[in-house]
Amino acid sequence: MEQQYILGIDQGSTGSKVIVVDKSGEIVRKAYRRIESFFPQDGWLEHDADNIWNSVKDCLLEIAESFDLSQVCAIGITNQRETTILWDKATGRPLLSAISWQCTRSQSIIDRWAPFADEILETTGLISNPYYSASKIVWALENVAGLRERCERGEVLFGNVNTWILWNLTGGKSHMTDSSNAGRTMAFDVRKNDWSDSLLDKMGIPRSILPKVIACDGDFGMAVEPREAFKTPVPIRASIGDQMSALFGQVCFRPGEAKCTIGTSLNLVTYTGPYAQPTKGVLPAIACNLGGAMEYEVEGGVNVAGSIYDWISDQLGIVSGPEEANALAEQVGSDGVYFVPAFGGLYAPHWNSGARALIIGMSKFHDKRHICRAAVESIAFQANDVVEVLRNDFHVDVRTLKVDGGVSRSDLAMQIFADITDCRVERPKNTDSTSMGAVFVAGLAAGLWKDKAEIRSLWKLDRAFEPQLTPQQRKTLTDGWNEAVRRSLDWLK
């Protein structure tokens, strides 16, 4: 049987997706399972690590019911990146809940690391922040009884979600990660492509718990679990962090080409090729490591994007879901109302953990339609904050944004995006760009596609949105947003 398919595993903050893609780039099978999130304390966010793996496993089993996985020539994995998992090396059992990238419980550890924050920035390209994995690891070492001692005895393994999935897929054979994911731990030298012994020593992280780092298109072992799905082992030939994967899936291979993934959070990324120094809160990262060739990006990550719909429906209770929110938002204009969704601080480019959410500019004239409008606009305003840094400080004149993620399916949201960012917004026919990036990397490694040019030919446009505001209209809106953001900063001292 000819193996002409790639299987992609995309494990994200709210769920797991598995797709099967043919040589023409078409998705022929897809399965999805939600995962649970837990909020045990203010500022904490956790997942059940077993639930994460079981969601992937259930997707694989569903697909295997109607598709023979022996037709798959390779598997690619992409994942929510900074989420931190520690497990027992012998049993494979998690030793505590998975600590989400959104969790801020380790802020006090970040505060302690202030004396070497400059070294963190210079080595990793990252601002010292609880967003990343390193402080989450140390929090666990300091708060789980006996954990550090077990680490020193070689009984404990650490991994981000990709490493956890690899471990389970291979039946405990592979404890590995890739350069793009390692680069988001805040303990990795992104130019030397190796763990930083200096930072590990200062942070107190045992190197023995860390996974082996290989290229994104390396040999990650053979998928054998669940055995009901993999009756014959399938090689795992790609691992790449979700935002890098979406950049690859949107075929952004040239300097200045940019994509914006608008899901639970928002990440606006532009490919740079060579390493670019961090500037004003927009940070460099490893875009991809193909066969040892390091390629870089700069990235602006926003914590609250599509999840603002969940807040206004589930917690504020003024709409039933995103569809109603968009319908109400479409009935009104901006009308001076701004919604800064800094529920847990603001990320790029502000990096202000003391910021808190506000809705400002309301009078008795306004109603829930204006709150919905301001919520949708807040996503675009946050993206524009990153675009302005790219234009003014990196001198990258971003004028086209390729979009993906759940929010990109809304025509209203995408027109607002184009207006506020002053960019042409291009939505592909296949908005599963994050999943497709891992598929493309695996397909190149397996020889299903010969080069990036062939992959570029597979990308198809669904619809483009052109900016429609005058420069003065746009300036009025962004000036108001900037003032609202200023008022939200440092609410918590």
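The following paragraphs describe helix packing and nonpolar cores in this predicted model.

A suitable starting point is the pair formed by helix α12, residues 368–392, and helix α13, residues 411–421. Their axes lie 9 Å apart, and the two helices pack at an angle of about 40°. Because angles under 35 degrees count as roughly parallel and those from 65 to 115 as roughly perpendicular, α12 is therefore oblique to α13. The crossing of α12 past α13 is right-handed. On the α12 side, the contact is formed by Arg373, Val376, Glu377, Ile379, Ala380, Phe381, Ala383, Asn384, Val387 and Arg391. These residues meet Leu412, Ala413, Ile416, Phe417, Ile420 and Thr421 of α13. By character, the residues of this contact comprise eleven nonpolar, two polar and three charged.

Phe417 of α13 leads from this contact into the interior. In soluble globular proteins, nonpolar side chains tend to be buried together. The largest nonpolar core here has 104 residues, and Phe417 is among the members that touch the most others, together with Trp113, Met203, Ile262 and Leu266. Helix α12 supplies the largest share of this core, with 13 residues. Leaving aside residues up to four places away in sequence, Phe417 touches Ile379, Ala380 and Ala383, as well as Cys260, Ile262, Leu266, Leu401, Asp422 and Val425. A second core, separate from the largest one, contains 36 residues, including Ile52, Leu69, Ile75 and Ile85.

Ile52 also takes part in another helix pair. Helix α1, residues 49–64, and helix α6, residues 161–169, have axes that come within 10 Å and cross at roughly 60°. With that angle, α1 is oblique to α6. This crossing, too, is right-handed. From α1, Ala49, Asp50, Ile52, Trp53, Val56 and Leu60 contribute to the contact, while α6 provides Val161, Trp164, Ile165, Asn168 and Leu169. The contact between α1 and α6 divides into nine nonpolar residues, one polar and one charged.

Helix α10, residues 307–315, returns the reader to α12 and α13. Which residues of α10 are buried? They are Ser307, Ile308, Tyr309, Ile312 and Ser313. The elements covering these buried residues include α12 and α13, along with α11 (322–329) and the strand β19 (338–340). After α10 comes Gly317, which has a positive phi near 75°.

Definitions and conventions:
Residues are numbered from 1 along each chain as its sequence is written. This is a predicted model: local features need pLDDT of at least 70, side-chain atom pairs count only at pLDDT 80 or more; totals for chains, interfaces and linings use all residues. Side-chain values use heavy atoms; hydrogens and water are left out. Axes are lines fitted to C-alpha atoms, for helices over the stretch in contact, and angles run from 0 to 180 degrees between N-to-C directions. Helices (H or I, at least four residues) and strands (E, at least two) are DSSP runs, numbered from the N terminus. Angles under 35 degrees count as roughly parallel, over 145 as roughly antiparallel, 65 to 115 as roughly perpendicular and the rest as oblique. A crossing is left-handed if the near helix is turned anticlockwise from the far one by less than a right angle, and right-handed if clockwise. Contact means heavy atoms within 4.5 Å. Ala, Val, Leu, Ile, Met, Phe, Trp, Tyr, Cys and Pro count as nonpolar, Asp, Glu, Lys and Arg as charged, and the others, Gly among them, as polar. A nonpolar core is a set of buried Ala, Val, Leu, Ile, Met, Phe, Trp, Tyr and Cys residues joined through side-chain atoms within 4.5 Å. Buried means under 20% relative accessible area, exposed over 50%, partly exposed in between (1.4 Å probe, protein chains only).
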